[in-house]
Amino acid sequence: MTGPIAWLASSGGPVRGEVLVPGDKSVSHRAIMLAAMADGVSRIEGFLEGEDTRATAAAFAGMGVRIDTPSPSQRIVHGVGMHGLAAPRTAIDCGNAGTGMRLLAGLLAGQPFDSVLVGDESLSRRPMRRIIEPLVRMGAEIRAEAGDLPPLRIRGGCRLQGMLHAPSIASAQVKSAILLAGLHAEGITEVREAHPTRDYTERMLQAFGWPIEFGPGWARLAGGHRLAATDIVVPADFSSAAFFLVAASIVPGSELLLRSVGINPRRTGLLSILRLMGADIVETDRRGQGDDAVADLRVRHAVLRGIDVPESFVADMIDEFPILFVAAAAARGTTRIAGASELRVKESDRIAAMTQGLQALGIAVVEKPDGAVIEGGVPGPGRIESSGDHRIAMSFAVAGQIASGPVRIADCANVATSFPGFAELARGCGMNVRVAADPA
Ligand SMILES: O=C(O)C1=C[C@@H](OP(=O)(O)O)[C@@H](O)[C@H](O)C1
Ligand SMILES: C=C(OP(=O)(O)O)C(=O)O
């Protein structure tokens, strides 16, 4: 279906069977970036065929990197080496992807050519000062609208100097932009975080043979080495699995197996929180994949209880808050979320979007500057705006499964940025999500 898409989500029946969700978005972006700048040919299996990660692949194709697609979810990347990228002929379109734009800015800051990074309407509203300011301190020249917003105009030929950066916000994108700039910088680049964030850039650099030291909350590398091509197997994305974990938890009679899900501890905060709420989720067949771990997750319906979400979990579940709002709405009692103001600068203002959406379904939610207080109940029917945000759309598709009447969700095409095929996969395990043209 082309053009605007709406979903109609209503209660179906138990959520059952086995599901393999698509590849991890964070890992797919990084695999393309490092493979493109490596010496030799890298093969990527399990690549996410989402709009965000395809935009990253297209960016490198536009800089002269040959990337073959032998079959869906596979890429063969013919690396051009650390100094082999060609100047892009046009502005690089990062689409909807904050990860793509911020990491690319770090990589391009040390190139000999000028480049311009643009994004869609949502990305054009997202803050970039958080990467511009440290990159400029390393010697980069980057101009942005009002010093903060895309497009980013990156001047080529700047000599970068490694430095120590201690970001004030917990952000893997900021950490990664600095580390990637450090590849082309003189001397040591180090990042020290107040709250540890996902370490995929560090792990991926190590897999491509770049000398790097890192641990929870810190990473250190020197510029001037080379990347050696390697083969990457991308795990299933925990953030995509999260919608199914919550759906099967809240719909009576459900039992679902999610296969080969990436369980990096910097991503699985929601698992701990759902278990604190009383969820029945068991990890089976935990195994190594590349240098990281995957497991099968078996989830059965359980009665959830509201909790105070400890702030120490926020960074480890930053993309899972929209679906946590739905789990909280289905729980008995009150759930309090705090310390999560970063949610306001994602693809949408996720605190506002989830508060308004749940209120539209009759759930009592009090919005706070850095979170919300949610009273569990039974959602009613209603109309929801996804705010063009994939995670808001999928969260309300799950909410529809326990609603007392149909939930219509406008503007769902954006789900293709991170989870193409969500509605089909959801239907395949018993969820009732119908796709309709959106006249709005
Ligand atoms: O590094 C990454 O791949 C990501 C980091 C997080 O963003 P922040 O770094 O802005 O927290 C997350 O929200 C995003 O979906 C992916
Ligand atoms: C915030 C997200 O991604 P990005 O920052 O890459 O747009 C997300 O996928 O929820």
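In this predicted model, the shell around ligand 1 consists of Ser 26, Gly 98, Thr 99, Ser 171, Ala 172, Gln 173, Ser 176, Arg 198, Ile 318, Asp 319 and Glu 342. Two elements, α3 (98-108) and α5 (172-183), each give two or more residues to this shell. The greatest contribution is that of α5, with 3 residues. Sorted by class, the shell around ligand 1 has 6 polar, 3 charged and 2 nonpolar residues.

The position of ligand 1 can be read against the domain assignment, which gives domain 1 (5-22 + 235-437) and domain 2 (25-233). Ligand 1 lies between the two domains, because both domain 1 and domain 2 give residues to its shell.

Ligand 2 has a shell made up of Asp 52, Ala 97, Gly 98, Thr 99, Asp 319, Lys 346, Glu 347, Arg 391 and Ser 418. Gly 98, Thr 99 and Asp 319 are listed around ligand 2 and also around ligand 1. The classes here are 5 charged, 3 polar and 1 nonpolar. Domain 1 and domain 2 each supply at least three residues to the shell around ligand 2.

The domains themselves have centres 29 Å apart, taken over C-alpha atoms. Their contact involves 22 residues of domain 1 and 25 residues of domain 2. On the side of domain 1 that touches domain 2, there are 7 nonpolar, 8 polar and 7 charged residues.

Several of the residues around the ligands belong to helices, and the packing of these helices comes next. Two packed helices are described by the angle between their axes and the distance between the axes. Helix α2 (residues 51-61) packs against α3 at an angle of about 30°, and their axes are 9 Å apart. Angles under 35 degrees count as roughly parallel, and this makes α2 roughly parallel to α3. In this contact, Asp 52, Ala 55, Thr 56 and Ala 59 of α2 meet Thr 99, Gly 100 and Leu 104 of α3. The contact of α2 with α3 has 3 nonpolar, 3 polar and 1 charged residues. Two of its members, Asp 52 and Thr 99, also stand in the shell around ligand 2.

On to α1: this helix packs with α2 at an angle of about 5°, with axes 9 Å apart. That angle makes α1 roughly parallel to α2. From α1 the contact takes Lys 25, Ser 28, His 29, Ile 32, Met 33 and Ala 36, and from α2 it takes Asp 52, Thr 53, Thr 56, Ala 57 and Phe 60. These residues divide into 5 nonpolar, 4 polar and 2 charged. Asp 52 and Thr 56 of α2 thus appear in the contact with α1 as well as in the contact with α3.

Helix α1 (residues 25-36) also lies across the strands β3, β5 and β16, and runs at about 35° to β5. Those strands belong to an open sheet of 4 strands in the order β4-β5-β3-β16, with mixed pairing. Its edges are β4 (66-68) and β16 (231-233), each of which pairs on one side only. On average, and with direction ignored, neighbouring strands in this sheet are turned by 15° against each other. Within the sheet, β3 (residues 39-45) and β5 (residues 74-80) run antiparallel and are joined by 7 bridges. Among the paired residues, Val 41 has His 78 of β5 as its bridge partner. The loop between β4 and β5 contains Ser 73, a residue with a positive phi of about 75° although it is not a glycine.

A further set of strands centres on β9 (residues 149-154), which pairs with β7 (residues 115-118) in the antiparallel sense over 3 bridges. Here the bridge partner of Leu 117 is Leu 152 in β9. Strand β8 (residues 142-145) also runs antiparallel to β9, joined to it by 3 bridges. Ile 142 stands opposite Ile 154 in β9. The hairpin of β8 and β9 has 3 residues between the strands, and in it Ala 146 takes a positive phi near 50°. Strand β9 also holds Pro 151, and the peptide bond from Pro 150 to Pro 151 is cis, with omega near 0°.

Technical notes:
Residues are numbered from 1 along each chain as its sequence is written. Chains are lettered from A and ligands numbered from 1 in the order in which they are written. This is a predicted model: local features need pLDDT of at least 70, side-chain atom pairs count only at pLDDT 80 or more; totals for chains, interfaces and linings use all residues. A residue is near a molecule or strand if its C-beta atom, placed from the backbone, lies within 6 Å of it. Ala, Val, Leu, Ile, Met, Phe, Trp, Tyr, Cys and Pro count as nonpolar, Asp, Glu, Lys and Arg as charged, and the others, Gly among them, as polar. Domain bounds come from an automatic or database domain assignment. Two strands pair if DSSP finds at least two bridges between them. Axes are lines fitted to C-alpha atoms, for helices over the stretch in contact, and angles run from 0 to 180 degrees between N-to-C directions. Two residues are in contact if their C-beta atoms, placed from the backbone, lie within 7 Å. Angles under 35 degrees count as roughly parallel, over 145 as roughly antiparallel, 65 to 115 as roughly perpendicular and the rest as oblique.
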